[in-house]
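Reader: Got a minute to go through this one with me? I'd like to start with the backbone oddities and then move on to the fold.

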Amino acid sequence: MRSLPLPVPALAGGGVALRPWRVDDVDHLVSAWKDPEVLRWTPVPDDAGPEKAAAWIAGARHRLETATALDLVVVDGGGTAVGEVGLSDLDHDRRVALIGWWTAAHARGRGVATQAVGLLAGWALGPPLDLAAILARIHPDNEGSLAVARAAGFRTLASRDNREVVMVAATPQRPGPTGIDREVLAEGEHKATRRG
Ligand SMILES: CC(C)(COP(=O)(O)OP(=O)(O)OC[C@H]1O[C@@H](n2cnc3c(N)ncnc32)[C@H](O)[C@@H]1OP(=O)(O)O)[C@@H](O)C(=O)NCCC(=O)NCCS
């Protein structure tokens with residue numbers, strides 16, 4: 001199985017930068033796991049505490065090496081951790097992945113998520129990862145994340161039973177928008193179906 005590359009040089013722009021998780025990010029992750037919005041909209045482990053956070057952070061390299069996920073910390077201009085953005089569910093044959101994100105409560109409302117999602121998606125659609133499309137699965141009531149996805153250039157691909165909106169970013173250079181749309185739509189519906 002191929003491993004996933006980290007962005008080199010590190011991605012940065014619009015007042016944020018993306019870097020790998022470090023052992024001293026435990027508090028950043030534990031605080032996020034306690035945040036009501038993160039709890040409401042993202043999968044948080046039941047036993048979400050420092051031990052679980054340390055284990056999750058320690059697993060980041062293994063997830064890269066097994067091409068399972070690429071998880072990055074979002075930092076602001078002063079180097080303070082302000083969020084998370086990551087790719088998961090990579091389908092190498094179809095060149096599709098899911099993207100997910102959160103912003104720490106203290107850093108919301110200043111474009112952090114939009115910048116981070118735009119940076120990672122833009123990178124992943126080019127070499128070396130060269131994905132054809134990136135999907136975001138968002139609950140229709142999660143207005144903040146729907147707005148983030150739109151602001152980062154995603155468009156709605158499908159929605160399912162008022163339970164999920166599948167949004168997509170795809171590289172314009174890929175062959176024929178129609179072909180891409182058909183293939184990615186099938187993928188989006190497949191993933192939406194699999195979730196339920
Ligand atoms: C949603 C969330 C990521 C927003 O992060 P953020 O860094 O504050 O977002 P941004 O500052 O980049 O905002 C981008 C846009 O979303 C809008 N927005 C942000 N939060 C919003 C909210 N709660 N309700 C409505 N709009 C919102 C902003 O006004 C902005 O709109 P604009 O482009 O028209 O100016 C953050 O609240 C969060 O972490 N939520 C919980 C985790 C989550 O939902 N993850 C995604 C699961 S799919």
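Reader: Where does Pro 9 sit?

Author: Pro 9 lies in the segment before β1. Keep in mind that this is a predicted model. The peptide bond between Val 8 and Pro 9 is cis, with omega about -5°.

Reader: And what about the bond from Pro 127 to Pro 128, cis or trans?

Author: That one is cis, with omega near 10°. Pro 128 belongs to the loop between α5 and β6. As background, most peptide bonds are trans.

Reader: Which residue in the loop between α5 and β6 has a positive phi, and what's the value?

Author: Asp 130, found in that loop between α5 and β6, has phi near 60°. Asp 130 is exposed, because 11 other C-beta atoms lie within 10 Å and exposed means 12 or fewer.

Reader: What's phi for Ala 67, and where is that residue?

Author: Phi of Ala 67 is near 55°, positive although the residue isn't glycine. Its place is the loop between α4 (60-65) and β3 (69-76). Ala 67 has 15 C-beta neighbours inside 10 Å, so it counts as partly exposed.

Reader: OK, switching to the fold. How many helices and strands are in the chain?

Author: The chain has 7 helices and 8 strands. The 8 strands make an open sheet with mixed pairing, in the order β1-β2-β3-β4-β5-β6-β8-β7. At the edges are β1 (12-13) and β7 (155-160), each pairing on one side only.

Reader: How does β1 pair with β2?

Author: They run antiparallel, joined by 2 bridges. Gly 13 has Val 16 of β2 as its bridge partner.

Reader: And the other edge, how do β7 and β8 pair?

Author: Antiparallel, over 5 bridges. Ala 158 has its bridge partner in β8, namely Val 166. The hairpin of β7 and β8 has 3 residues between the strands, and Asp 161 there takes a positive phi near 50°.

Reader: What about β5 and β6, parallel or antiparallel?

Author: Parallel, over 3 bridges. One bridge pairs Leu 98 with Leu 135 in β6.

Reader: Why call β6 largely enclosed?

Author: Because 6 of its 6 residues are buried, β6 is largely enclosed by the rest of the structure. Both faces are covered: Ala 133, Leu 135 and Arg 137 are buried on one side, and Ile 134, Ala 136 and Ile 138 on the other. For the whole chain, 37% of the 196 residues count as buried.

Reader: Which helix packs on the sheet by touching β6 and β8?

Author: Helix α6 (residues 143-151), which touches β6 (133-138) and β8 (164-170). The direction of α6 makes about 165° with that of β6.

Reader: Now the ligand. How many residues surround it, and which are the closest?

Author: The ligand is surrounded by 23 residues, and the closest are Thr 103, Arg 108, Thr 114, Gly 144 and Ala 147. By class, the shell has 10 nonpolar, 9 polar and 4 charged residues.

Reader: Which element gives the largest share of that shell?

Author: That's α6, with 6 residues. Each of α2 (36-41), β5 (96-103), α5 (112-124) and α6 supplies at least two.

Reader: Last thing: is α5 mostly covered or mostly open, and how long is it?

Author: Mostly covered, with 11 of its 13 residues buried. Among the buried ones are Thr 114, Gly 118 and Leu 119. From first C-alpha to last, α5 reaches 18 Å, close to the 18 Å expected at 1.5 Å a residue.

Key
Residues are numbered from 1 along each chain as its sequence is written. This is a predicted model: local features need pLDDT of at least 70, side-chain atom pairs count only at pLDDT 80 or more; totals for chains, interfaces and linings use all residues. Two strands pair if DSSP finds at least two bridges between them. Helices (H or I, at least four residues) and strands (E, at least two) are DSSP runs, numbered from the N terminus. Two residues are in contact if their C-beta atoms, placed from the backbone, lie within 7 Å. Axes are lines fitted to C-alpha atoms, for helices over the stretch in contact, and angles run from 0 to 180 degrees between N-to-C directions. A residue is near a molecule or strand if its C-beta atom, placed from the backbone, lies within 6 Å of it. Ala, Val, Leu, Ile, Met, Phe, Trp, Tyr, Cys and Pro count as nonpolar, Asp, Glu, Lys and Arg as charged, and the others, Gly among them, as polar. The expected span of a helix is 1.5 Å times one less than its number of residues. A residue is buried if 20 or more other C-beta atoms lie within 10 Å of its own, exposed if 12 or fewer, and partly exposed in between; C-beta atoms are placed from the backbone.
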